[in-house]
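Please review the structure shown below. The briefing that accompanies it is grouped by topic.

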Amino acid sequence: MPPPGPAPAGELLRIDPLELRFPFELKKQISCSMQLSNLGDDYIAFKVKTTSPKKYSVRPNTGVVSPRSTCDVVVTMQVQREAPPDMQCKDKFLVQSIIAPSGVTVKDITGDMFTKESGNKIEEVKLRVTYVAPPQPPSPVPEESEEGSPSRTSESENGDGHAGGFTRALRERIEPQENSIEAGDLISKLKEEKNTAIQQNQKIRQELDMMRREISKKREGFSFIIVIIVALIGIFLGYMMKS
């Protein structure tokens, strides 16, 4: 990277780049960096803020840039579960900088130094966030034949040409989705079978309860008949003995 040119008049820190570009991928932590350059003779303290503090981590988010030196700041975007509409990002970053006392260290930097009440002249630079497509793996370089010409036949046979590389990339993206769909279908099917088994079990229990009630009623009726027969026999025997 070529050394930064002279900073515009009145600019405390030169920031490069002025746009944070993230190669967006789902379920993956992504980082990008920016460089803060102090081209003057003063110590410059800085603080980095963002509109989405839970979404990004900034290391370091505060610091000191010595005269005629630079500081690299790494911004990391946490894992995202879904992509924004049209891959448009509305997040913003703000870099605040002030002239600090000579020899100041990071431990001496506080948030109060970047408030209007401190009396310090605060310079602010806003940075945009842009999502870009992740870099594609390089296409395989075809081997040259003895005459120095590319071996196109071997590319087509082995599927290592541009078409083969595209097919592999497409297959790598589709296969996990197909596996996910198959797993989801299997889980749904198992849940349906489980619900059906539960319903059948409840139905069997209801039928057993009904059978138990019917058997109980039959036993009560049978006992009553025996009592009547025994009573009639007793009456008959008593009548015979009296006779």
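The following points cover the overall make-up, a sheet and a surface patch.

This is a predicted model, in which local features need pLDDT of at least 70 and side-chain atom pairs count only at pLDDT 80 or more, while totals for chains, interfaces and linings use all residues. Residues are numbered from 1 along each chain as its sequence is written, and side-chain values use heavy atoms, with hydrogens and water left out.

**Overall make-up**
- The protein chain has two helices and nine strands, where helices (H or I, at least four residues) and strands (E, at least two) are DSSP runs numbered from the N terminus.
- From the N terminus on, the order of elements is β-β-β-β-β-β-β-β-β-α-α.
- Of the 243 residues, 22% count as buried (under 20% relative accessible area, 1.4 Å probe, protein chains only).

**Sheet**
- Four strands form an open sheet in the order β1-β3-β7-β5, with antiparallel pairing (at least two DSSP bridges between two strands).
- β1 (14–16) and β5 (56–59) are at the edges with a single partner strand each, so one side of each has no neighbour in the sheet.
- β5 pairs with β7 (residues 69–77) in the antiparallel sense over four bridges; serine 57 has threonine 76 in β7 as its bridge partner.

**Surface patch**
- Ile225, Ile229, Ile233, Phe236, Leu237, Tyr239 and Met240 make a nonpolar surface patch of about 750 Å². Patch residues have over 30% relative accessible area and no salt bridge (a side-chain nitrogen of Lys or Arg within 4 Å of a carboxyl oxygen of Asp or Glu), and nonpolar side chains (Val, Leu, Ile, Met, Phe, Trp, Tyr) are joined within 5 Å. Accessible areas come from the Shrake-Rupley method with a 1.4 Å probe.
- Isoleucine 225 lies in helix α2 (residues 162–242).

Terms used:
Patch = residues over 30% accessible without salt bridge, like charges linked within 9 Å, V, L, I, M, F, W, Y side chains within 5 Å. Buried < 20%, exposed > 50% of the residue type's maximum accessible area, 1.4 Å probe, protein only.
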